[in-house]
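Reader: Please take one position in this protein and look at it closely, and then set it beside a few others and the chain as a whole. I would like the cut-offs spelled out as you go, since I will be reading your account against the model.

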Amino acid sequence: MTRAETKERNRRALLDAAFQVVSRDGHRAKLDEIAERADLTTGAIYSLFGSKNGLVVALVADYLRPYYEEIEQAVPAGLDLLEAVDAFARHYRRSCDAPDARSGLALQITLLDMALHDPDLGARLAESIRSQENHLIARFTGRSHNGSVVTSDQAQRLTTALRALFVGLSQGVTLGLAHGADEQYFADTARALASDMSLIDHDADAS
């Protein structure tokens, strides 16, 4: 195995171990246990990620990357804005039924707790999430809606609103609190949100 292959193997092992420990322990997660689970030393963590916070930020990026890659496939080009939002909503709802949905929710809650305890980590996590969300903004930008074309700024504001909507709904579904929130419900609420462009248009806000 080459040095690069060994480095990537160690990186993968540490991220997998961190997912388990951080999801369970949050800001109390210990580097010693993460390293032990990965069959490595804490020195490997500092060498590959720089710090505990660096490892957590990398964990979030690693967790979100395939999610946004799946969105690119679920929301194909050629759809208008409402069709794209509908496809995204249905994809998001299906993810609530995935085998790892509960562990994913546990990680979300844990990361929020960690961000509240460590403002520096919170800022780094926010930056990482925003960079990932740029993929979704790009999926909505340029699509047609009511005779016009969605701008990047409008797509960014829509993405923020949809994230807030779906995070709340998906948590309710996973916890068994959002009864009747099936794919059609997700799609209907997302379409309703996106239909009124004044919600996502700076010019309309200022008028």
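Author: Leu-81 sits in helix H5, which covers residues 81–95; helices here are DSSP runs of H or I with at least four residues, strands are runs of E with at least two, and both are numbered from the N terminus. With a relative accessibility of 0%, Leu-81 counts as buried, a word that stands for under 20% relative accessible area, whereas exposed stands for over 50% and partly exposed for what lies in between, using a 1.4 Å probe and protein chains only. The C-alpha atom of Leu-81 is separated by 9.0 Å from that of Arg-191, although these positions lie 110 residues apart along the chain.

This is a predicted model, in which local features need pLDDT of at least 70 and side-chain atom pairs count only at pLDDT 80 or more, while totals for chains, interfaces and linings use all residues. Residues are numbered from 1 along each chain as its sequence is written, and side-chain values use heavy atoms, with hydrogens and water left out.

Two further positions can be set beside Leu-81. Arg-65, placed in helix H4, is partly exposed at a relative accessible area of 35%, and its C-alpha atom is separated by 9.8 Å from that of His-135, 70 residues apart along the chain. Ala-115 belongs to helix H6, residues 101–117, and is partly exposed at 21% relative accessibility. From Ala-115 to Thr-189 the separation is 74 residues in sequence and 29 Å in space, C-alpha to C-alpha. Leaving aside residues up to four places away in sequence, Ala-115 touches Gly-122 and Leu-125, where a contact means heavy atoms within 4.5 Å.

Helix H4, the home of Arg-65, also packs against another helix. The axes of H1 (residues 3–25) and H4 (residues 52–74) come within 10 Å and cross at roughly 95 degrees; these axes are lines fitted to C-alpha atoms, for helices over the stretch in contact, and the angle between N-to-C directions runs from 0 to 180 degrees. H1 and H4 are therefore roughly perpendicular to each other, the term for 65 to 115 degrees, with under 35 being roughly parallel, over 145 roughly antiparallel and the rest oblique. Among the residues that meet here are Leu-15, Phe-19 and Val-22 in H1 and Leu-55, Leu-59 and Tyr-63 in H4.

The loops hold two positions with an unusual backbone angle. Most residues other than glycine have a negative phi. Asp-39, however, has a phi near 60 degrees, a positive value; Asp-39 lies in the loop between helix H2 (31–37) and helix H3 (42–49), and is exposed, with a relative accessible area of 70%. Asn-146, with a positive phi near 55 degrees, is found in the loop between strand E1 (144–145) and strand E2 (148–149), and is exposed as well, at 68% relative accessible area.

As for the whole chain, the protein has ten helices and two strands, and of its 207 residues 41% count as buried. Residues 24 or more positions apart account for 68% of the contacts with a separation of 6 or more. The C-alpha atoms fill a box of roughly 60 × 35 × 35 Å along the principal axes.
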